[in-house]
Amino acid sequence: MSVSAPAPRTDPEQRQFARRPRLRQRSGLAWRIMALFAIFAVALLIIVGVALTFLSFRSQQSAVTRTQREIAKRAALDVSAFLSSVEQSLLIVAQTQNLADLGPSEQRRALMQLLEALSTFDELTYVDALGQERVKVSPYHTFTSGELSVRTDDVPFRRAMSGELYLSAVRFSNYSGQPSVWLALPVSDLRQETVGVLIALVNFHEMWNIVTGLQVGESGYAYVVDEDGRLIAYHDISPVLRRENLSSLPTVAAFLEGQPSTSEYVGLGNIRVIGAQTPIAGTPWAVVAELPTEEAYAGLRRMMGWLGLLLLSAIVVAAGTGRYLANYIVYPIEVLQAGAAVIGQGDLSHTIDLNTGDEIEALAEAFNTMSHNLRRSREEIERWNRELEALVEERTAELQSANLQLQALIRVSQRINAALALPDALEAVANASRIVLGAGRSAVYLLDPETERLDCALAQGLSPAYVKVVQQFYREIPGGEVIDSRRPLVIRDAANDPRLSAIHDSVRREGYRSVALLPLAHGDESLGMLTFYHEEERDYSAQDLELAQSFANQAAVAIKNARLFDAISQRAAELSALYAVTSTVSQSLNLDEVLDGALDEVLTVMRADRSPDDSACIGWIYLMDEEMEALTLSAYQGIDAGQTEQVRRLQFGEGFSGRVAQSGQPLLVRNIHDYHSDHHSEVAPHPAALQGGLRSFAGAPLETKGRILGVLGVASRGDRQFTRRETDLLSSIGRQIAIAVENARLYDQSREVAVLEERNRLAREIHDTLAQGLTGIVVQLEAAERVAVKRPEQAATALERAKTLARQSLEEARRSLWNLRPTPLEHLSLSEALDQEVVRLDGRNGLEAHFTVVGAERRLPSDDELNLYRIAQEALNNVHKHAHANTVSVELAFNSSDLQLTVADDGIGDVDASQECSNGGLGLVGMRERAHLVDGELRTESPPHEGTRITVVVPTRDQR
């Protein structure tokens, strides 16, 4: 639109408007309008100029400050990234390569490789947990073993061993002369225990390049200060070498106080600058960026000059414009008013046509533009209404689909919570997800954490051959990556995707096009993957992928719940089996019965829910021979008679059982043939195991009190493989069997000792009674023979004495036979048996016997009661035969700390120690031996003609 005066009109109004004389008559008003317009315009321009200058100054200052902060922050990030990369490189060497487990040469090679990869290290040192330098390398020097030292007291070593990352203060390297720092970090083993320290001397060459290469305007610069405010990196090395302290600068002082700061001051170059500082993450340092104020405000000064020229020009233009407006302002205003009225009535197509060439024309154009925009807005609003209706319909459909998906997830969750059986839960997840995702087929693959084998837990619509191929090659296709990374993957064209090249033939035969691989994970544990197969090419959206992963997470929960239930059930079965074995071995002290019963229980557990064929699992128990040099087959089941002779006796280290006995540790062999080929240098299976077609072996030592008594072993045929958990169960059962074997052996030994003791007692009794009596008979008969002719009366007397001795010997023989009969203690308590013995003695040969019990009676171990009973029998027998007593009393006293058995008579007494040692002392030796067996003490009091008192004191079990 051109700028021109209004076109001439023919109507009276136009002619009146165009008359110049009338305008000249009103020239004073025009000048006043012009003057007022110019004054207001100039005042306004001045105010705007001042405000613009002030705001521009503030904006420029803020922009410069912000730029400085961003520059310092960028430099700090670059330096921090450099230090992080250095630290990450050290961590990779320290942990990924298992540095602590390598040999010295391999450790040196690993450190040299790091030196070659990164030139930022001046020295690398590996220190073990005891503080001894094991390896030290440097590109500037070759260290010998004599130069390695102990760094136990060094601060980097102590801080790193405590698990911290140590960063030293800045120093100058002895190698390069450049600023450098010591960096120390801990070295951990697979158990996350600190086993050493890796110490590196890091030079600042790279950080120097970062700082000096930083562009701060055209003449600005950046530098780095340490925690004391000293300069450690700058494009000019001279002040760095002087370790110049910049703590007096405001930005550095603010950094030392931990406060952010950006201000104007006289900077490092002795000129006024705008400075900003940013701490470097992970270090006690900061980056400072400084820009001279001359450069920072140069643009503002140029703007102020141009603004002054513009203001002068605006004053001149304002004066002329005021004059022009004074002449032509009325008509355009009327046109504008009329046009605005038409537009206000709703005619948005009306156009105001003005050719004044000034603000009025612009205002008219604004009115035209406004009406045009209003018309377009009305059309846009109508179009938006139509699009909003379509969007509402689309969103409604999406919400309905989401509702169906949510209902499917709810059904899956309910099914998982209702069923503990893994197949049912996985089938529910697979069916629901296939329907929602439109997949034709699906499968669930589970990873065995011990063998790293992939097992198919569920396959819907897939051939067994394809499933077997996936299980075999899952590490060569993205399946292994999905399981390890726990990130889902969608392959649109499976038949041609190079990532599936290992199974392309199987994919084409299977006939699917796209496949989605979803990881199954619970917490930190990778469980396997869930796969969906589509016959047509399918590209999953982010929402589809999120939904598919939700189903995979539900499947992971089902797997975890099922495994937890199985673990609880298995643990209960193991405890039940251990209880059954313990109960079985504790029911008998016969060694053969113990071993056969225990082996029955072990094989019952191993065969349960595994194989319907009992012959698939066999077992045996070997025991050490008396020389502890070999193993003897003591119990077995499922071994052929021909093979039994081959394995009847094993040497230490022979076969798997010999290996268990030799090492004292349990052994698990999942595949005997593979183990034979992989471990032939360590231990080989017995030829009978290979001939018998055994597949898997598990064995545990029979150990008790640190001694190996034998080996418990089981083996299987076919596909049955034992697990580490079953091996642990065998170890627990083996300890119980070992205890039972030890008890059976101790029982046999105790019976032998008891028989031997009884033989010794009978020998002593025969010697003290029958032998002496028979000797007396012989002596009397010989005397009678000598005097029979000359002195018949003496011969008769000798014969009478022989008859008396014969009767006494006969009575002693009967008493000994009585003692050989089962003891009354088998059916009576000790006090009842003693009372019965006293009653039997009472009245014999005019002897009066009494029995008394003192205190609360308590039962003693059977061996203790038997020995006390025999002591009392021996004492009463001595009283009856030798004491010539009238009364005898037996007292059994149950005290809190001991038990006392006392036998006292009023006979002739005079039983001393010399008699006891010389001729047996009327059975006192046997009584003392029996007292010793019960950890007791036998006391004898026998003054002449005052009777004899025998006391046995036996402490209680907790006092022994």
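The paragraphs below walk through a predicted model, from its overall make-up to a few sheets, loops and single residues. Residues are numbered from 1 along each chain as its sequence is written, and side-chain values use heavy atoms, with hydrogens and water left out. Because the model is predicted, local features need pLDDT of at least 70 and side-chain atom pairs count only at pLDDT 80 or more, while totals for chains, interfaces and linings use all residues.

The protein holds 28 helices and 27 strands, where helices (H or I, at least four residues) and strands (E, at least two) are DSSP runs numbered from the N terminus. Of its 960 residues, 42% are buried; buried stands for under 20% relative accessible area, exposed for over 50%, and partly exposed for values in between (1.4 Å probe, protein chains only). The accessible surface comes to about 51200 Å², and carbon and sulfur atoms account for 53% of this area. Such areas come from the Shrake-Rupley method with a 1.4 Å probe, and for residues only the protein chains shown count as cover. Among contacts with a separation of 6 or more, 59% link residues 24 or more positions apart, a contact being heavy atoms within 4.5 Å.

One open sheet is built from six strands in the order E19-E18-E17-E22-E21-E20, with antiparallel pairing; two strands pair if DSSP finds at least two bridges between them. Its edges are strand E19 (649-651) and strand E20 (667-669), each of which pairs on one side only. On average, neighbouring strands of this sheet are turned by 25° against each other, direction ignored. At the E20 edge, three bridges connect E20 with strand E21 (residues 694-704) in the antiparallel sense, and Leu 667 stands opposite Gly 699 in E21. Two helices lie across this sheet. Helix H18 (residues 591-607) crosses strand E17 (617-624), E18 and strand E22 (707-717), running at about 145° to E17. Helix H20 (residues 655-663) lies across E17, E18, E19, E20, E21 and E22, at about 30° to E21. For these angles, axes are lines fitted to C-alpha atoms, for helices over the stretch in contact, and values run from 0 to 180 degrees between N-to-C directions.

Leu 631 offers a close view of this region. This residue sits in strand E18 (residues 630-637) and counts as buried because its relative accessibility is 0%. Leaving aside residues up to four places away in sequence, Leu 631 touches, among others, Tyr 622, Leu 623, Met 624, Phe 652, Ala 661 and Val 711. Leu 631 and Gln 651 are 20 residues apart in sequence, yet their C-alpha atoms are 6.2 Å apart in space.

A second open sheet has five strands in the order E8-E7-E11-E10-E9, and here too the pairing is antiparallel. Strand E8 (231-233) and strand E9 (262-266) are the edge strands, each pairing on one side only. The twist from one strand to the next averages 40°. Strand E7 (residues 221-225) pairs with E8 over two bridges in the antiparallel sense, and Val 224 has Ala 233 in E8 as its bridge partner. Helix H6 (residues 205-212) packs on the sheet and touches E7 and E8, its direction making about 95° with that of E8.

Further along the chain, strand E25 (residues 898-905) is largely enclosed by the rest of the structure, because seven of its eight residues are buried. Seven antiparallel bridges tie strand E24 (residues 887-894) to E25, with Leu 892 partnered by Leu 901 of E25. A hairpin of three residues joins E24 to E25. E25 also runs antiparallel to strand E27 (residues 949-955), again over seven bridges, and Asp 898 stands opposite Pro 955 in E27.

Two loop residues other than glycine have positive phi values. Asp 935, with phi of about 60°, lies in the loop between helix H28 (924-933) and strand E26 (937-941), and counts as partly exposed because its relative accessibility is 47%. His 945, with phi near 65°, is found in the loop between E26 and E27; at 73% relative accessibility, His 945 counts as exposed.
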